[in-house]
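Here are my notes on the structure you sent. They cover backbone outliers, the fold as a whole and the ligand site.

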Amino acid sequence: MDNFTFHNPVKILFGAGQIAHIGREIPAGARVLFAFGGGSIKANGVHAQVTAALTGAGLAFAEFGGIEPNPRYETLMTAVELARAERLDFVLAVGGGSVADGCKFIAAAIPFAGEPWDLVARGEAVKTAVPLGVVLTLPATGSEMNAYAVISRAATGEKLGFGSPKLMPKFSVLDPDTTASLPPRQVGNGIVDAFVHVLEQYLTVPAAAPMQDRMAEAVLATLIEVAPGAMAGDRDARAALMWAATMALNGLLAVGVPQDWTTHMLGHEITALTGIDHARTLACVWPGVVAVQRQGKRAKLLQFAARVWGLAEGDEEARIDAAIARTRGFFAAVGVPSGRGGYDLPDSLAGQVAARLEARGGLPLGEGGAIDAATVRRIVLAAV
Ligand code: NZQ
Ligand code: ZN
């Protein structure tokens, strides 16, 4: 296990009725930017709950709606202008990962003197940020308890990640009841996204980190166990899913171990090129990632087969094949096809994805830094 320093200061308010308590978590006298997405929170009553909590606490606030899935720089800059004009000094994100991510960008951009896109595209340091809180309505990304955000720019067709400890939310509300209105497509997307987050911190070369392995396996097993109930709208299953998705990407599983974010990096390019939902791009690419890296990941694939899927007997190659098939079957069962075939994407995508990553210096990838442009092409071609 590698050395690490771990510090996650995000305060979690979990459970029914917790939105009512956000007023205690926001400094008295703060002027709040209440930011949300395309309107789901108005239809499901979350907007009314947040409004009541802010009003009840005597907090001044201005609303900004319309943050889209795969949040866009262009939209977010409109919110930044509003916040600067109204001297807003606290950002409250109410929605899914896109709203949380978008608000991290807004929080960093408000006090930034230069061109805020440089924070994303050039890795300019986030020296200061407006404090942020989150009311999560979609279990999936883990953004509610991490330092990262993924921002798209319509004008250039880019989708890029950035992050800073300064962007970790001061608090996040995880009320499973807010998820009751989710369409099945978004629940399935969230389950697959969280599952792949764990795989990318787990399916690497072995690292003598048994605690992280067992924690990762616990999250994977929980996702498998609660997925049917969560898809059917069962409240307890939704609650377990919400916590599992947060645990999947709050930094805890990643400490001390190698990571391989290849599936995500290729997935972001595919969303940028095609507009396909984030989780679906992961399911599209993942079979290629394990096919091409099967040797390097062999020990962990066998462990994954045994401990997560109960496949501990018989020929090792057959066990690995079966674990991959079971994983793809799990994605299918929550409505998410896997492989390029599920999305009708042509072979020519392979060269496009590789060229885009190479052009911006996004390579090599993989836990050993061995995935170059040619390997990216092979992965996309192998993702059938
Ligand atoms: O915009 P509204 O009207 O709110 O509708 C949203 C949106 O259309 C809807 N929705 C959310 N909560 C709902 C609801 N509909 C009904 N009831 C509710 N309770 O769901 C749709 C999708 O929302 P979105 O926020 O885009 O989904 P998700 O949470 O999956 O976020 C995806 C974004 O997060 C990024 C992805 O790249 C993508 O841009 N990621 C962020 C990460 C991070 N910050 O650590 C890591 C992830 O790997 C990921 O890359
Ligand atoms: Zn993801």
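1. A residue counts as exposed when its relative accessible area is over 50%, and as buried when that area is under 20%. The model is predicted, and the exposure of arginine 87 is the first point to take up. At 59% relative accessibility, arginine 87 is over the 50% limit and therefore counts as exposed. Arginine 87 sits in the loop that connects α4 (73-85) with β4 (90-95). Its phi is positive, about 55°, although the residue is not a glycine.

2. Alanine 208 also has a positive phi without being a glycine, here near 50°. This alanine belongs to the loop between α7 and α8 (210-232). With a relative accessible area of 65%, alanine 208 is exposed.

3. One peptide bond deserves a look: the bond from leucine 363 to proline 364 is cis, and its omega is near 0°. Proline 364 is placed in the loop between α14 (349-359) and α15 (373-382). As background to these points, most peptide bonds are trans, and most residues other than glycine have a negative phi.

4. On the overall fold, the chain contains 15 helices and 8 strands. Does the radius of gyration agree or disagree with a compact globule? For 384 residues such a globule would have a value near 21 Å, and the 20 Å of the chain agrees with this. The C-alpha trace spans about 65 × 45 × 45 Å along its principal axes. Of the 384 residues, 55% count as buried.

5. Where does ligand 1 lie with respect to the two domains? Domain 1 (11-178) and domain 2 (184-382) both contribute residues to the shell around ligand 1, so the ligand lies between them. There are 33 residues around ligand 1, and those that come nearest are Gly38, Ser40, Gly97, Ser98 and Asp101. By class, the shell is made up of 10 nonpolar, 20 polar and 3 charged residues.

6. Polar contacts of ligand 1 include both backbone and side-chain partners. One oxygen atom of the ligand is 2.7 Å from a polar backbone atom of glycine 97, and an oxygen atom of the ligand is 3.0 Å from a polar backbone atom of glycine 39. A nitrogen atom of ligand 1 is 3.3 Å from an N or O atom in the side chain of serine 143. Ligand 1 taken alone exposes 960 Å², of which the protein buries 89%. The elements giving two or more residues to the shell are α5 (97-109), β6 (148-153), α7 (184-200) and α10 (262-274).

Definitions and conventions
Residues are numbered from 1 along each chain as its sequence is written. Chains are lettered from A and ligands numbered from 1 in the order in which they are written. This is a predicted model: local features need pLDDT of at least 70, side-chain atom pairs count only at pLDDT 80 or more; totals for chains, interfaces and linings use all residues. Side-chain values use heavy atoms; hydrogens and water are left out. A residue is near a molecule or strand if one of its heavy atoms lies within 4 Å of it. A polar contact is a pair of N or O atoms within 3.5 Å; within protein, one must be able to donate a hydrogen and the other to accept it, and residues adjacent in sequence count only if both atoms are side-chain atoms. Accessible areas come from the Shrake-Rupley method with a 1.4 Å probe; for residues, only the protein chains shown count as cover. Helices (H or I, at least four residues) and strands (E, at least two) are DSSP runs, numbered from the N terminus. Ala, Val, Leu, Ile, Met, Phe, Trp, Tyr, Cys and Pro count as nonpolar, Asp, Glu, Lys and Arg as charged, and the others, Gly among them, as polar. Domain bounds come from an automatic or database domain assignment. The radius of gyration is taken over C-alpha atoms; the globule rule is 2.2 Å times the number of residues to the power 0.38. Buried means under 20% relative accessible area, exposed over 50%, partly exposed in between (1.4 Å probe, protein chains only).
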